[in-house]
Amino acid sequence: MNIKKMIAVGAMTAAAAAMLVGCGGQEKQAEQKLPDKIVIGLDDNFPPMGFRDDNGELVGFDIDLAKEAGKRLGIPVEFKPIDWDSKEAALKSKQVDMLWNGLTITEDRGKQIAFSKPYLNNAQILVVRADSPITDRAGLAGKTIGTQEGSSSVEALDKQADFKNSLQDVKKYGDFVAAFMDLEVGRIDGLLVDSVVGRYYMSKKPGKFKVIDDKMGDEQYGVGMRQEDTLLQEKLNGVLKDMSADGTMTKLSQKWFNEDITIKVQ
C-alpha cells in the first residue's frame, strides 16, 4: 500500500471511530428512560424554599416549582425529607432522584452530582440580634457564630479563612431555623445563612435581627441529580427554561419573596 492510500485509510478509520463514539453516547442516552415517579429529597425546615406550614403541609417556592415541573414532564413527584448533611449519599444510593431545596451550585458538589441550569440567585449573609452592638464581621472576632451543617454556608465560611480564624467557635445546626432560635436567645452571637432563608425568617420576626454583612459570597441555586441521569437532566432543563420564559418562575418568586430573584434560564 502506498503512502497516499495509507493516509486515506487512516483518516477513514479515525472518522469511523469518532462516529462510533458519538453514536455510543447517543445510544447510551437513548437507552435511558424517565422514571415513573420522581422522589425529591429536601430539608423540610428550609423556609421559604421548602418547609411545613401550620397544618404540617409541605409548602414553599421550590415545592411549587417542583410540582409544576412534574406536571410539565408528565411525571408525579414525591417529596422525601432527608438528612441534608448526607444529601449526596441519599442521591447516589437512589433513596431520592433529585435534590431540590435551595441547593447551591458549587464546584465541590459538582464533582459528585449533576446540576440543572441555575434558576435562582442567592448570597451568604451575616446576621446578629437587632440589639447587638456588633455592626460588621470584624465585631464577631472572638465570638461564636452558627450555620447549618452540610450547607453552602460552611463552604463560604471556609473561603473566608481570616474571618473564620478570628472566631472563637462555629456551631453547626441541623437546620437554620434552630440556629435562628439560638441566636434569638443569645446562645450564639451571629449566624451565617443563605440570604433567601435569612431574610424570609427575619421578615416573620420584624425588629429581632439585623444583617451586618451581605458580601459573604454570591451563589446560584440549581437542582441536583445523579451524574448518569443525563436524559432526566436534559428534560428538566427544558422545563425550567419554559417556566422561566413564560413567567411562571417570576410569579412564584413574587409570591414567596415579593420580588423577582430568579435567573433567566437559557
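Start by selecting Gly 142 in this predicted model. Setting aside neighbours within four places in sequence, you'll find Gly 142 in contact with Ser 166, Leu 167 and Gln 168. Gly 142 sits in the loop between S8 and strand S9 (144–148). Is Gly 142 buried, exposed or partly exposed? Its relative accessibility is 41%, so it counts as partly exposed. Now add Asp 169 to the selection: it lies 27 residues from Gly 142 along the chain, yet the two C-alpha atoms are separated by 7.9 Å.

Next, head for the largest nonpolar core. Select Phe 61, Met 98, Trp 100, Tyr 119 and Phe 180, which touch the most other members among the 50 residues of this core. Several elements each supply at least two residues to the core, including strand S1 (38–42), helix H7 (176–185) and strand S11 (190–194). Which element gives the most? That's H2, with 6 residues.

Stay with Met 98 for a moment. Not counting residues up to four places away in sequence, Met 98 touches a long list of partners, among them Ile 38, Val 39, Ile 40 and Gly 41. Further along the chain, Met 98 also meets Val 223, Gly 224, Met 225, Leu 232 and Leu 236.

Now show H2 and H9 together. Their axes are 10 Å apart, and the two helices pack at an angle of about 115°. That makes H2 roughly perpendicular to H9. The crossing of these two helices, H2 and H9, is right-handed. To see where they meet, select Leu 65, Glu 68, Ala 69, Arg 72 and Leu 73 in H2, then Lys 235, Leu 236, Val 239, Asp 242 and Met 243 in H9.

Last stop: helix H10, residues 248–257. Colour its buried residues, which are Thr 248, Met 249, Leu 252, Ser 253, Trp 256 and Phe 257. Why do these buried residues lie on the same side of H10? Because they cover an arc of only 130° around the axis. A handy rule to keep in mind: an α-helix has 3.6 residues a turn, so residues three or four places apart point the same way. Swing round to the other side of H10 and you'll see Lys 251 and Lys 255, both exposed.

What covers the buried residues of H10? The cover includes strand S3 (50–52), strand S4 (58–59), helix H2 (61–73), strand S8 (120–129), helix H8 (195–204) and helix H9 (230–245). Finally, step just past H10 to Asn 258, where phi is positive, near 65°.

Key. Residues are numbered from 1 along each chain as its sequence is written. This is a predicted model: local features need pLDDT of at least 70, side-chain atom pairs count only at pLDDT 80 or more; totals for chains, interfaces and linings use all residues. Side-chain values use heavy atoms; hydrogens and water are left out. Buried means under 20% relative accessible area, exposed over 50%, partly exposed in between (1.4 Å probe, protein chains only). Helices (H or I, at least four residues) and strands (E, at least two) are DSSP runs, numbered from the N terminus. The arc is that of the directions from the helix axis to the C-beta atoms. Contact means heavy atoms within 4.5 Å. A nonpolar core is a set of buried Ala, Val, Leu, Ile, Met, Phe, Trp, Tyr and Cys residues joined through side-chain atoms within 4.5 Å. Axes are lines fitted to C-alpha atoms, for helices over the stretch in contact, and angles run from 0 to 180 degrees between N-to-C directions. Angles under 35 degrees count as roughly parallel, over 145 as roughly antiparallel, 65 to 115 as roughly perpendicular and the rest as oblique. A crossing is left-handed if the near helix is turned anticlockwise from the far one by less than a right angle, and right-handed if clockwise.
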